[in-house]
There are 2 protein chains.
Amino acid sequence: MTRPAGSSRLLRTMNASAALAHLLDPGMLTRADLRRLTALSTPTISEVLRRLTEAGLVVVAGHDSGRPGPSAEIYNVNPEAAYAAAVSVRDVGPGGAPSVVAALCDLTGRVRGRAESAVDFAAEDPLTALTGVLENLRDEAGVPADRVRHVQFGVPGSYDPRTETIRHVDVPGLGRTGLVPELAAALKTEIGVDNDVNLAAIAERRRGVGRDAEGFALLWLGEDGLGLAIDLAGTLMRGARGGAGEIGYMPLHTNGDRRDLHDLIAGPALLELAGDENTNGNRTPADVVRDAGGDLLTEIADRIAVGVAAVIAVLDPHLVVLAGPIAQAGGGTLLSAVRAALRRAAPLESEIAVTAIDDDAVLLGALDAGLTAVHNALLADIRNS
Amino acid sequence: MTRPAGSSRLLRTMNASAALAHLLDPGMLTRADLRRLTALSTPTISEVLRRLTEAGLVVVAGHDSGRPGPSAEIYNVNPEAAYAAAVSVRDVGPGGAPSVVAALCDLTGRVRGRAESAVDFAAEDPLTALTGVLENLRDEAGVPADRVRHVQFGVPGSYDPRTETIRHVDVPGLGRTGLVPELAAALKTEIGVDNDVNLAAIAERRRGVGRDAEGFALLWLGEDGLGLAIDLAGTLMRGARGGAGEIGYMPLHTNGDRRDLHDLIAGPALLELAGDENTNGNRTPADVVRDAGGDLLTEIADRIAVGVAAVIAVLDPHLVVLAGPIAQAGGGTLLSAVRAALRRAAPLESEIAVTAIDDDAVLLGALDAGLTAVHNALLADIRNS
DNA sequence: CAACTGTTAAAGAGTTTGCCAATCAAGGGG
DNA sequence: CCCCTTGATTGGCAAACTCTTTAACAGTTG
């Protein structure tokens with residue numbers, strides 16, 4: 001239901017934007033390739049490429065020989081035309097204090113720098129801490145500040161874009177009103193803030209088992225909490241106040257009792273469930289799941305299946321992805337157990353899978369999201385020129 | 001991100017399509033109005049209107065006098081350029097047998113005919129029954145068959161567009177494979193099939209309390225079953241197999257028992273809940289809710305609140321609309337009770353409301369959906385010409 | 001020689017700018 | 001009270017402009 005009207009100028013910008021979109025997607029195209037992809041004529045493609053090269057967005061990346069005729073020029077986006085940065089703030093780092101992981105990538109997505117540091121947010125202001133991390137990262141990679149077009153933050157909480165505040169977050173200072181606008185002002189770039197589980201889902205969509213899915217729901221089983229991300233053909237559903245997927249609060253009281261899903265399958269609940277068998281207090285929920293077998297595994301799978309079934313009942317996704325440290329620890333064993341538990345419970349047809357991302361999914365997803373935002377900003381720049 | 005490329009032909013069709021979109025939205029515009037709305041120049045608007053009137057899509061609906069200068073021509077879409085039909089198949093009619101309600105409206109949305117009939121699907125084939133109803137409706141309204149561009153069906157079940165079958169449906173014959181393609185072939189038009197609850201949500205979006213909402217979830221409390229429709233800024237979420245919103249299957253077992261949401265708040269459960277107080281077997285669940293008060297009302301509200309809280313936990317909608325016969329029977333009294341129950345249970349911020357549609361919401365929604373489909377078809381026609 | 005790349009010139013399609021005739025309402029003078 | 005002038009607006013027309021395409025061509029490589 002779009003209803004734009006336009007003139008020739010619109011055509012020019014549309015065609016330039018279309019060509020750039022193809023070069024971003026992942027590029028390395030000759031004029032003939034672009035002609036095929038855009039259905040534009042040779043002179044037009046030449047003109048578009050001339051303008052894009054002049055603007056510094058596109059460069060000749062090589063020559064394609066081997067066929068008869070002159071060697072065709074291979075065009076690609078200029079990797080250094082723009083950069084995207086990502087910052088993941090984690091609730092508990094290895095040492096117990098919140099840790100910050102950041103990365104920087106160029107326009108083609110190649111990671112140019114990565115930094116990890118333990119920040120004590122109780123002592124240091126988030127504003128200075130986060131800008132500091134980013135400044136170091138930029139300097140080490142030798143990237144000028146104004147080339148970073150977008151910084152994407154991932155936080156262990158939900159972000160409400162209307163009030164521009166981070167909510168349901170345990171890290172001190174991160175929930176402060178005004179922090180996000182201050183960050184944007186200090187960094188002098190577009191910034192984005194999103195829930196860590198949502199970002200993990202973005203990574204899953206781009207590099208994981210969600211790649212070919214029409215849509216999927218990602219159930220995050222963390223050490224402390226639960227989360228759910230809802231991917232609809234590549235766009236995430238965030239809810240009115242960014243609170244979609246806070247399924248820890250899902251009520252399970254049939255009559256009177258006040259239990260919710262968090263009490264059933266969050267880390268502490270799993271520890272308690274396994275409590276009889278081990279008196280060693282140093283085990284994490286992930287350890288419990290990794291070592292579980294027999295009745296304990298069945299019970300855990302049954303509980304997870306309740307959450308999965310609830311999600312399927314509401315959303316009917318093509319695919320449900322189990323992710324987060326607990327799902328990773330459980331791996332294929334847990335997956336089969338959950339599948340079996342679901343089959344026992346209800347005839348549901350959604351596929352279940354375990355995440356295919358070994359690395360820091362949140363950081364990767366934040367990079368992907370930041371890069372997409374940079375792409376969109378560049379395309380919008382062209383359209384409004 | 002769209003990436004179309006194009007030339008002058010695209011421009012022409014885009015501008016025609018933009019003008020038509022404004023005339024459909026609800027029309028009655030002068031050339032000057034269109035110039036303002038589309039930012040096109042006077043000669044272009046004239047040219048576009050010439051083409052649209054020649055195609056019979058647009059007519060001069062009047063003259064705007066009262067201002068200095070010549071009276072401006074007021075343009076509007078030709079109401080008779082195309083028609084949309086809607087058919088709602090209900091599980092239980094007044095007499096117990098499934099009933100069929102159908103309506104026909106012109107391009108401006110004015111209802112031109114309406115028919116209601118009790119069809120015994122056990123005896124009659126759905127194909128002939130439904131095409132027969134539509135044929136009568138067309139004849140009575142004096143509308144030629146080829147002017148009906150879209151027929152929208154509403155069914156008490158979920159529709160899987162991939163297999164083109166209706167599922168989770170109790171009406172005999174309606175779940176048969178091949179029925180939907182056969183209907184399309186027999187009617188020789190585009191047809192659409194959708195869940196009745198989804199269609200009620202469309203009506204709520206267009207005419208009810210969802211009009212100004214960014215997005216809402218509609219919880220349907222029917223005599224027999226439950227349903228949920230998820231509206232995201234005007235588009236409905238249907239799920240992988242059209243099964244999104246089948247929340248009757250939402251599990252509520254905390255340990256071992258197999259209860260789900262259907263067992264908690266569907267009609268039969270409410271009847272059972274009120275069973276002690278009345279031995280009269282003729283009361284419907286809606287009657288129970290209408291007369292409920294005191295502890296019974298509180299208990300019912302508590303149960304409904306569980307469903308609402310589950311929906312909010314997953315989706316975080318701006319608004320939750322309670323609809324369906326039971327919600328209508330409960331009205332404001334039930335609404336206050338559910339609000340109070342939710343406040344007791346959890347600090348959730350979504351608004352709750354009761355449907356504002358007194359008429360047959362499903363039929364109205366089906367008409368709205370059909371009309372929108374006709375609009376889109378006409379716009380697409382223009383774009384591909 | 002055949003196939004391919006990329007450029008140049010001419011033509012085509014669509015929109016905009018600027019201009020003009022026609023039309024109607026309002027107000028003032030006869 | 002009637003008529004005429006003034007002002008504002010509508011809609012059409014022609015010329016100019018922008019962008020794309022078609023077609024022809026020069027040049028290069030296997």
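**Burial, chain contacts and DNA surfaces in a predicted model**

Reader: What makes 49% of the 385 residues of chain A count as buried?

Author: In this predicted model, a residue of chain A is called buried if 20 or more other C-beta atoms lie within 10 Å of its own, and of the 385 residues of chain A, 49% count as buried on that criterion.

Reader: How do you know whether the radius of gyration of chain A agrees with that of a compact globule?

Author: For 385 residues the globule rule leads one to expect a radius near 21 Å, and because chain A has 24 Å, the two values are taken to agree. Along its principal axes, the C-alpha trace of chain A spans about 75 × 50 × 45 Å, and the chain holds 12 helices and 15 strands.

Reader: What share of the contacts in chain A with a separation of 6 or more comes from residues 24 or more positions apart?

Author: Such pairs account for 65% of the contacts in chain A with a separation of 6 or more, where a contact requires C-beta atoms within 7 Å.

Reader: How do you know which residues of chain B are in contact with chain A, and how many are there?

Author: The test is again that the C-beta atoms lie within 7 Å, and by it 50 residues of chain B are in contact with 50 residues of chain A. On the chain B side, the elements that give two or more residues are helix 1 (8–23), strand 12 (226–232) and helix 10 (294–315), with helix 10 giving the most, 7 residues. That side of chain B divides into 30 nonpolar, 13 polar and 7 charged residues.

Reader: What makes a residue part of the surface near DNA strand D, and which come nearest?

Author: A residue qualifies if its C-beta atom lies within 6 Å of the strand; of the 29 residues around DNA strand D, those that come nearest are A:Ser41, A:Thr44, B:Ser7, B:Pro68 and B:Gly69. Helix 1 of chain A supplies the largest share of this surface, 5 residues, and by class the surface has 10 nonpolar, 13 polar and 6 charged residues.

Reader: Which residues come nearest to DNA strand C, and which helix gives the most to the surface there?

Author: Of the 31 residues around DNA strand C, A:Ser7, A:Gly69, B:Ser8, B:Ser41 and B:Thr44 come nearest. The elements that give two or more residues to this surface include helix 3 of chain A and helix 3 of chain B, while helix 1 of chain B gives the most, with 5 residues. By class, the surface near DNA strand C has 10 nonpolar, 15 polar and 6 charged residues.

Key: Residues numbered from 1 in each chain as written. Chains lettered and ligands numbered in written order. Predicted model: local features only at pLDDT ≥ 70, side-chain atom pairs only at ≥ 80, totals over all residues. Contact = placed C-beta atoms within 7 Å. Helix = DSSP H or I, 4+ residues; strand = E, 2+ residues; numbered from the N terminus. Nonpolar A, V, L, I, M, F, W, Y, C, P; charged D, E, K, R; others polar. Rg over C-alpha atoms; globule rule 2.2 N^0.38 Å. Buried ≥ 20, exposed ≤ 12 C-beta atoms within 10 Å, placed from the backbone.
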